[in-house]
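Visitor: I've got a few questions lined up about this one. Could you walk me through them once it's on screen?

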Amino acid sequence: MFALQYSEQGPPEVLTVGEADEPHAGPGEIRIAVRAVGVTPADWKLRSGGLPVEARLDWPHIPGFDASGVVDEVGEGVDGVAVGDAVFGVVDTGAFGGAAAEFAVLVAWAAKPDALSWEEAAGAAGNVETATRALRLLDIGEGKTLLIEGAAGGVGTMAIQLAAARGATVIGTARVANHAFLAGLGATPTTYGPGLGERVAALAPGRVHAVLDAAGSGSLPDLVALAGDPQRVVSVADIGAHEHGVHLTWMRSGDAPGHEGLAVAARLAAEGRFRVPLHEVFPLADAAKAHELSAAGHVRGKIVLTVP
Ligand SMILES: NC(=O)c1ccc[n+]([C@@H]2O[C@H](COP(=O)([O-])OP(=O)(O)OC[C@H]3O[C@@H](n4cnc5c(N)ncnc54)[C@H](OP(=O)(O)O)[C@@H]3O)[C@@H](O)[C@H]2O)c1
């Protein structure tokens with residue numbers, strides 16, 4: 001098969017499209033012929049060697065944590081899905097990638113609703129899992145007020161909509177240029193940075209019940225003060241979270257994955273209550289440009305690669 005790959009960590013130019021061994025669906029897994037794959041900050045952090053955790057990569061390494069496509073192998077013990085079905089889902093995060101290829105093995109998936117394009121579905125999958133995991137840890141439901149720091153990116157846009165669908169009120173931080181965008185997704189926007197506590201207090205005269213840090217920008221002391229208790233804050237992005245008594249949830253934190261969110265997002269999309277804003281779509285061969293854009297730090301929604 002062909003795959004996006006690199007054989008040593010380095011700048012975006014190490015990415016090439018070339019031949020790679022085909023994966024096969026093991027027990028409990030499916031294989032898809034990939035139509036589109038999401039790009040997430042972990043892709044370029046791993047590629048550059050900047051992911052601040054020890055990640056053992058097999059060479060060549062194929063990036064990509066989530067994808068959409070057509071099922072072409074169904075592993076032992078898998079029910080409810082058949083060859084030819086359109087799905088979207090996530091790869092085994094323990095492999096740190098594998099989706100940006102002609103074929104990819106998914107460990108969790110849902111039927112792709114007609115309401116989402118291949119690109120939108122691929123872009124949603126990984127961040128829906130992350131957002132679902134974080135919302136569960138924060139116990140977000142009816143009547144709660146959630147603040148999302150860094151709400152305009154992939155995790156934030158999914159978390160806003162999934163939290164709103166649970167009946168929560170959502171306040172999201174972004175630069176001013178993204179405020180109308182956040183409002184369109186169902187969040188009350190405000191800017192991040194100094195004075196956040198006062199701005200949020202004015203927007204939410206009651207209490208902020210929970211805070212999701214999707215920025216990792218060093219604002220945790222302010223976010224903890226806002227929530228009133230570090231246990232009401234969860235970060236997906238700050239590796240120093242524990243220094244503030246805050247839980248960092250990530251692919252190896254031991255938290256149960258939020259795979260059930262895939263079917264929830266699919267249902268909400270079919271009902272017209274969930275959408276996937278695409279910042280830009282690139283062909284697989286332009287993955288280096290996609291990584292550069294992601295690394296610039298101001299993605300609005302998702303960056304996606306199409307697979308020919
Ligand atoms: N732990 C996990 O399981 C997990 C999973 C996925 C992602 N992550 C991590 O979570 C973080 C967010 O991922 P993502 O996919 O949402 O990233 P993304 O799509 O690249 O979005 C980043 C967002 O950060 C915002 N931003 C930039 N500077 C900011 C600041 N100082 N304060 C607040 N927001 C700021 C930007 O909005 P503006 O343009 O408005 O500034 C942008 O929308 C990354 O660090 C990623 O590695 C963790």
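Visitor: What is the distance from an oxygen atom of the ligand to an N or O atom in the side chain of Arg 175?
Guide: Keep in mind that this is a predicted model. Arg 175 is listed among the closest of the 25 residues that surround the ligand. From an N or O atom of its side chain to a ligand oxygen, the distance is 2.6 Å.

Visitor: And which residue has a polar side-chain atom 2.5 Å from an oxygen atom of the ligand?
Guide: Look through the closest residues, which are Arg 175, Tyr 192, Thr 249, His 298 and Val 299. The side chain with a polar atom 2.5 Å from a ligand oxygen belongs to Tyr 192.

Visitor: Which residue uses a polar backbone atom, 2.7 Å from a nitrogen atom of the ligand?
Guide: This time skip the side chains and check the backbone. The partner of that ligand nitrogen, at 2.7 Å, is a polar backbone atom of Thr 249.

Visitor: How much of the ligand's accessible area does the protein cover?
Guide: Taken on its own, the ligand has 920 Å² of accessible area. Of that, the protein covers 85%.

Visitor: Which element gives the largest share of the shell around the ligand?
Guide: Elements that contribute two or more residues are H1, H2 and helix H3 (154–165). The largest share is 3 residues, and it comes from H2.

Visitor: By class, how many charged residues does that shell have?
Guide: Sort the shell by class and you get 11 nonpolar and 11 polar residues. The charged ones number 3.

Visitor: Where does the ligand lie with respect to the domains?
Guide: Check who supplies the shell: domain 1 (2–126 + 275–306) gives residues, and domain 2 (129–248) does too. Since both contribute, the ligand lies between domain 1 and domain 2.

Visitor: On to the strands. Which residue in S11 stands opposite Glu 149?
Guide: S8 and S11 run parallel, joined by 4 bridges. Along S11 (residues 210–213), Ala 210 and Leu 212 point one way while Val 211 and Asp 213 point the other, and all are buried. Opposite Glu 149 stands Asp 213.

Visitor: What is opposite Leu 212 in S12?
Guide: S11 also runs parallel to strand S12 (residues 233–235), with 3 bridges between them. Facing Leu 212 from S12 is Val 234.

Visitor: Which residue of S5 is the bridge partner of Ser 68?
Guide: S4 and S5 run antiparallel and share 5 bridges. S5 is mostly covered, with 4 of its 5 residues buried. Its residue bridging to Ser 68 is Phe 88.

Visitor: And what stands opposite Val 90 in S7?
Guide: S5 pairs with strand S7 (residues 108–111) as well, in the antiparallel sense over 4 bridges. Opposite Val 90 you'll find Ala 108.

Visitor: Phe 96 has a positive phi; is it buried or exposed?
Guide: Its phi is about 60° although it is not a glycine, and it lies in the loop between strand S5 (86–90) and strand S6 (103–106). Buried means under 20% relative accessible area. Phe 96 has 0%, so it counts as buried.

Visitor: Asp 139 has a positive phi too; buried or exposed?
Guide: Asp 139, with phi about 55°, is in the loop between helix H2 (118–137) and strand S8 (145–149). Exposed takes over 50% relative accessible area. Asp 139 has 53%, so it is exposed.

Visitor: Last one: which residue does a cis peptide bond join to Trp 59?
Guide: Omega there is about -5°. The partner sits in the loop between helix H1 (41–48) and strand S4 (66–74). That residue is Pro 60.

Technical notes:
Residues numbered from 1 in each chain as written. Predicted model: local features only at pLDDT ≥ 70, side-chain atom pairs only at ≥ 80, totals over all residues. Heavy atoms only, no water. Buried < 20%, exposed > 50% of the residue type's maximum accessible area, 1.4 Å probe, protein only. Near = heavy atom within 4 Å. Polar contact = N/O pair within 3.5 Å; in protein donor to acceptor, adjacent residues only side chain to side chain. Areas by Shrake-Rupley, 256 points an atom, 1.4 Å probe, with all protein chains shown as cover. Nonpolar A, V, L, I, M, F, W, Y, C, P; charged D, E, K, R; others polar. Domains from an automatic or database assignment. Pairing = 2+ DSSP bridges.
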